[in-house]
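Colleague: I'm new to this one and would like a quick tour. Could you put it up so we can talk it through?

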Amino acid sequence: GFCLVAGEWQRDVNAIATIIRVRDELYGISCGAPAYFLREKRLREEIAPRFLEIVAAIEDRLLMESDGQ
């Protein structure tokens, strides 16, 4: 899952965020841009699915590295 803010934190900024889990450690990661450039619909429908794919790939890579592979 992810958290989406569209003008709530800063009126002219839209962003999404989620966590990266590596074993028992948690890290935050976000993606944001000016609202005129990154509209809420695009953020939700286009960026968010790709963002979550990238986060999953990062988690996999960090897990492999922590296992010494």
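Modeller: Sure, and keep in mind that this is a predicted model. Let's start with Arg50 and Glu53, which both lie in helix H1, 3 residues apart, or about one turn of the helix.

Colleague: How do the side chains of Arg50 and Glu53 meet?

Modeller: Look at the N to O distance between the two side chains, which is 3.0 Å. The cut-off for this kind of contact is 4 Å, from a side-chain nitrogen of Lys or Arg to a carboxyl oxygen of Asp or Glu. So Arg50, an arginine, and Glu53, a glutamate, fit the rule, and what they form is a salt bridge.

Colleague: And is Glu53 buried, partly exposed or exposed?

Modeller: Its partner Arg50 is partly exposed, at 47% relative accessibility. Glu53 also has a relative accessible area of 47%. Buried would need under 20% and exposed over 50%, so Glu53 is partly exposed.

Colleague: Which residue does Glu40 pair with in a salt bridge?

Modeller: Glu40 belongs to helix H1, which covers residues 40–66. Its partner sits 4 residues away in that helix, about one helical turn. The N to O distance is 3.0 Å, and the partner is Arg44.

Colleague: What is the relative accessible area of Arg44?

Modeller: Glu40, on the other side of that bridge, counts as partly exposed at 37%. Arg44 is partly exposed too, and its value is 43%.

Colleague: What is the N to O distance in the salt bridge of Arg61 and Glu65?

Modeller: These two are 4 residues apart in helix H1, so about one helical turn separates them. Glu65 counts as partly exposed, at 45% relative accessibility. The side chains of Arg61 and Glu65 meet at 3.1 Å.

Colleague: How many salt bridges does the structure hold?

Modeller: We've gone through Glu40 with Arg44, Arg50 with Glu53, and Arg61 with Glu65. Those are among the salt bridges here, and the total is 4.

Colleague: Now the cysteines. Why is there no bond between the sulfurs of Cys3 and Cys31?

Modeller: A disulfide needs its two sulfur atoms within 2.5 Å. For Cys3, the closest cysteine sulfur is in Cys31, and that is too far for a bond. Cys3 is partly exposed at 47%, and Cys31 is partly exposed at 25%. The gap between the sulfurs is 13 Å.

Colleague: How many disulfides does that leave in the structure?

Modeller: With the sulfur of Cys31 too far from its closest cysteine sulfur, in Cys3, the count for the structure is 0.

Colleague: Where is Arg23?

Modeller: Its phi is near 55°, a positive value in a residue other than glycine. Arg23 counts as exposed, because its relative accessibility is 52% and the cut-off is over 50%. Its place is the loop between strand E2 (13–22) and strand E3 (25–34).

Colleague: Glu25 lies in strand E3. How far is its C-alpha atom from that of Pro49?

Modeller: Glu25 itself counts as partly exposed, at 41% relative accessibility. Along the chain, Glu25 and Pro49 are 24 residues apart. Their C-alpha atoms are separated by 23 Å.

Colleague: One more: which residue lies over the face of Phe37?

Modeller: Don't look for an aromatic pair, as the structure holds 0 of them. What sits over the ring here is a charge, which has to be within 6 Å of the ring centre. At 5.8 Å from the centre of the Phe37 ring, the residue is Arg42.

Terms used:
Residues are numbered from 1 along each chain as its sequence is written. This is a predicted model: local features need pLDDT of at least 70, side-chain atom pairs count only at pLDDT 80 or more; totals for chains, interfaces and linings use all residues. Side-chain values use heavy atoms; hydrogens and water are left out. Rings of Phe, Tyr and Trp (its six-membered ring) pair if their centres lie within 6.5 Å; planes under 30 degrees apart count as stacked, over 60 as edge-to-face and the rest as tilted. A charge sits over a ring if NZ of Lys or CZ of Arg is within 6 Å of the ring centre and within 35 degrees of the ring normal. Buried means under 20% relative accessible area, exposed over 50%, partly exposed in between (1.4 Å probe, protein chains only).
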